[in-house]
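Reader: Hi! I'm a first-year student and I'd like a close look at one part of this model, the sheet that comes earlier along the chain. Could you walk me through it and then show me how the rest fits around it?

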Amino acid sequence: MKTFNRLKLWLLTVFVLISVNVVAQEDSFLIVSPTKIVFDSGGGSGSVNIASNEQWKVESDALWLTVEPVSGSNDGTVTVTAAENTSDTDRTATITVKWSGATETITVTQKKRGDYLNVSTNVMTFSSKSEPQKFTISSNTSWTIDKGDATWLTVEPVSGSNDGTVTVT
């Protein structure tokens, strides 16, 4: 009977130890913050914090957006770098953080470049017998030329959109 009681006690102890071991195992988790990033048109870098108890991988779906490091384990910080946006539209990319349990996504938006207007020259010199002179406008917006009180000048065209060539006589 003592042997039977000792066997029961031993089995109970083993059962408790196994139960404690099962309860002590951690559930897998992954927390990503922030889940949205916005860059201005000039580009730059930002950070994404990852809290996890597993290995993870990070990838971007856009060539203009890089992530570093591309993998890690447990907690870590990922640097997200956006190249300059020289287009006239906002752009969006998705960063995906993958781990054994699932995936988390981060939405990245980059603003379009601002309006700009560049003129090829800011000085023109005319003599009494001057030929017409030209200058170019490089722009992504509408423009208008105001010749002020210079009624002796002819400017064509006096307005336009985007790039253009202007003749002054």
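Author: Here is a walk through that sheet, followed by its surroundings and the second sheet.

First, a bit of housekeeping. This is a predicted model, so to speak of local features we need a pLDDT of at least 70, and side-chain atom pairs count only at pLDDT 80 or more, while totals for chains, interfaces and linings use all residues. Residues are numbered from 1 along each chain as its sequence is written, and side-chain values use heavy atoms, with hydrogens and water left out.

How confident is the predictor? pLDDT is its confidence in each residue, on a scale from 0 to 100. The protein chain has a mean of 87, and 85% of its residues reach 70 or more. One stretch to treat with care is residues 19-24, where the pLDDT is below 50. Beyond near neighbours in sequence, that stretch makes 0 contacts in the model (a contact means heavy atoms within 4.5 Å).

Now the parts list. The protein chain has 1 helix and 15 strands. Both are DSSP runs numbered from the N terminus: helices are H or I with at least four residues, and strands are E with at least two.

On to your sheet. It is an open sheet of 4 strands, in the order β1-β3-β7-β5, with antiparallel pairing. Two strands count as paired if DSSP finds at least two bridges between them. β1 (30-33) and β5 (65-68) stand at the edges with a single partner strand each, so one side of each has no neighbour in the sheet. From one strand to the next, the twist averages 25° (axes are lines fitted to C-alpha atoms, for helices over the stretch in contact, and angles run from 0 to 180 degrees between N-to-C directions). As for what holds such things together, strands of a sheet pair through backbone hydrogen bonds, either parallel or antiparallel.

Zoom in on the β5 edge. β5 pairs with β7 (residues 76-82) in the antiparallel sense, over 4 bridges. If you want one spot to click on, try threonine 66, whose bridge partner in β7 is threonine 81.

The loops here are worth a look too. Serine 33 and proline 34 are joined by a cis peptide bond, with omega about 0°, and proline 34 sits in the loop between β1 and β2 (36-39). Another cis peptide bond, also with omega about 0°, joins glutamate 68 and proline 69. That proline 69 belongs to the loop between β5 and β6 (71-73). Move on to the loop between β6 and β7 and you find asparagine 74. Its phi is near 60°, a positive value in a residue other than glycine. Asparagine 74 has 40% relative accessibility, so it counts as partly exposed (buried means under 20% relative accessible area, exposed over 50%, and partly exposed in between, with a 1.4 Å probe and protein chains only).

What does β8 bring in? Tryptophan 99 is in β8 (residues 91-99) and is buried, at a relative accessible area of 16%. Leaving aside residues up to four places away in sequence, tryptophan 99 touches Ser28, Phe29, Leu30, Glu54, Gln55 and Trp56. Its C-alpha atom is 9.9 Å from that of asparagine 53, which is 46 residues away along the chain. Threonine 96 is in β8 as well, and it too is buried, with a relative accessible area of 18%. With the same kind of sequence neighbours left out, its contacts include Lys57, Val58, Glu59 and Thr103.

Now for the second sheet. It is open, has 4 strands in the order β10-β11-β15-β13, and pairs antiparallel. β10 (117-119) and β13 (155-156) are its edge strands, each pairing on one side only. β13 and β15 (residues 164-168) run antiparallel and are joined by 2 bridges. Valine 155 has valine 168 as its bridge partner in β15. In the loop between β14 (159-161) and β15 lies asparagine 162. Asparagine 162 is not a glycine, yet its phi is positive, about 65°. Its relative accessible area is 39%, which makes it partly exposed.

Finally, step back to the whole chain. Of its 169 residues, 23% are buried. Among contacts between residues at least 6 apart in sequence, 50% join residues at least 24 apart.

Notes. pLDDT = per-residue confidence, 0-100.
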